[in-house]
Amino acid sequence: MLRRIFSSVILSVFLLPGLAAAQDAKPAKAEPSAKPKPKVIVVGVNGMELDIIRPLLLKGQMPNLASVVNRGAYGKLRTVSSPNCPRVYSTLFTSTQPEENGVTGFLVGGITANTNMLKQEPIWSLLSSSKVTVGMANVPATFPVMPVNGYMISGMLTRGKNCDDGVLCAPKLSEVTGGDAVYPKTMQAELLKNVGDFFIDCERMPSAADLKGHELPVIDQWLSKVQTIREQQNKLFDYLLSKHPTDFTFMVQSCEDRVGHWLYPISPFNVGYNASVNSARPEAFPNQYIAFDKVLGTILKHVDDETYLFIVSDHGIKPLREFEQKDPHAHMDHEKDTPVIAKHDFADGDDVPGSFFVMGPGIKRDFRVMGLTASVYDIAPTILHLYGIEQPKQMHGHALSEIFEKRETAAATGN
Ligand SMILES: [Zn+2]
């Protein structure tokens, strides 16, 4: 009901002018008094693990992320208990608890999580209501898409051909069923023409039966599909940022996490270690971040000194623990049967914090936020703060004031 209320408000008030604005690549020749709205790009990375990333940064294999670290603030991002993608993203975009916003996991009451379940107003709706233009691409748990003051392309949990339940599969745009994957509908034909028939989400991991006796070729074939999907996403993001620039843009990558679950590089004798799988391609998971860094390079081409860039991760991913030795569920992936060596849905979310990297005007440079003081609840309030929009009462987080330069103080002291 709530959803219907906030959707219809956006539809009736902002839909058409907003879309027109989004399609016009040139800055509006607005009245001189109109102050441009801040430009904010949020890049979500599903399951970004700092333990894997730090050596890559040191070795110079993630030059784009390194440049963001140097130019901005970063730190761990406290996540929710038993974190998984839909559970954390719904928290991230509403700043409310999963139990409050209705999206508690991949399945809710046996049904794949979807936007009809959302009981709290998400950031894209709040921004749209404030005339901020919004662009969203492949954000998890945004299917079926909702009306916004711009565009929305759904992400993880989109249902389609060979992916009836929408859980960890990869329907192509033209093969989506059970709802719209693109808002406005007219944009779908444009995307098919200019970007191609891309996969909406990363590939499902092969089953234990598929792997048995054919580990290396099956792993390589799967990784090659992952690379294809990433290249398609890269093209999609570049196209959207070039042809449909919006004040606020939110784009998400999810292949990293999927690779980490079963190809996390690890020494023998860990719980769940299976030499035929885990010794096959130990470089595959770090390579995902190197590949992500190239996508980040594409996004950075659209980031100028006046743009705020957020890179956020919903959770990390860690190897299985000794106490899971006897828990058969700990060795499976999300109710399926791919043998996993790492996971993130630990009861204590502090075992697998996410991470965030932010740069932009007035953001501290080369600044590290210590501990777990920043949380996934704080991202939406921080974005609202940038737009000068009052934080709604239901949001639990707070704007991350510690990452901003204290300009007033500097002025007062003459520094
Ligand atoms: Zn995962």
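**Close-up views of the zinc site and the sheet**

**View 1. The zinc ion and its donors.** Four donor atoms coordinate the zinc ion at 1.9 to 2.7 Å: Asp-257 (OD), Asp-257 (OD), His-261 (NE2) and His-344 (NE2). Please keep in mind that this is a predicted model. The angles among the four donor atoms run from 52 to 135 degrees, and the site is irregular. Along the sequence, the donor residues follow the spacing D-x3-H-x82-H.

**View 2. Helix α10, home to Asp-257 and His-261.** These two residues lie four residues apart in helix α10, so about one helical turn separates them. Residues three or four places apart in an α-helix point the same way, because there are 3.6 residues a turn. Asp-257 is buried, with a relative accessible area of 3%, and His-261 is buried as well, at 3% relative accessibility. Their neighbours join them: the buried residues of α10 include Cys-255, Arg-258, Trp-262 and Leu-263. Nine of the nine residues of α10 (residues 255-263) are buried, so the rest of the structure largely encloses this helix.

**View 3. The open sheet.** Here nine strands line up in the order β7-β6-β5-β8-β1-β9-β12-β2-β13, with mixed pairing. At the edges sit β7 (182-183) and β13 (367-369), each pairing on one side only. Helix α3 (residues 63-71) packs on the sheet and touches β2 (73-77), β9 and β12 (354-359). The direction of α3 makes about 70 degrees with that of β12.

**View 4. Strands β1 and β9 side by side.** Strand β1 (residues 39-45) and strand β9 (residues 307-313) run parallel, joined by seven bridges. To find one of these, look for Val-45, whose bridge partner in β9 is Ser-313.

Methods. Residues numbered from 1 in each chain as written. Predicted model: local features only at pLDDT ≥ 70, side-chain atom pairs only at ≥ 80, totals over all residues. Heavy atoms only, no water. Pairing = 2+ DSSP bridges. Contact = heavy atoms within 4.5 Å. Axes fitted to C-alpha atoms, helices over the stretch in contact; angles between N-to-C directions. Buried < 20%, exposed > 50% of the residue type's maximum accessible area, 1.4 Å probe, protein only. Donors = N, O, S within 2.8 Å, 3.2 Å for Na, K, Ca; no water. Tetrahedral: all angles 85-135°; square planar, octahedral: opposite > 155°, others 65-115°.
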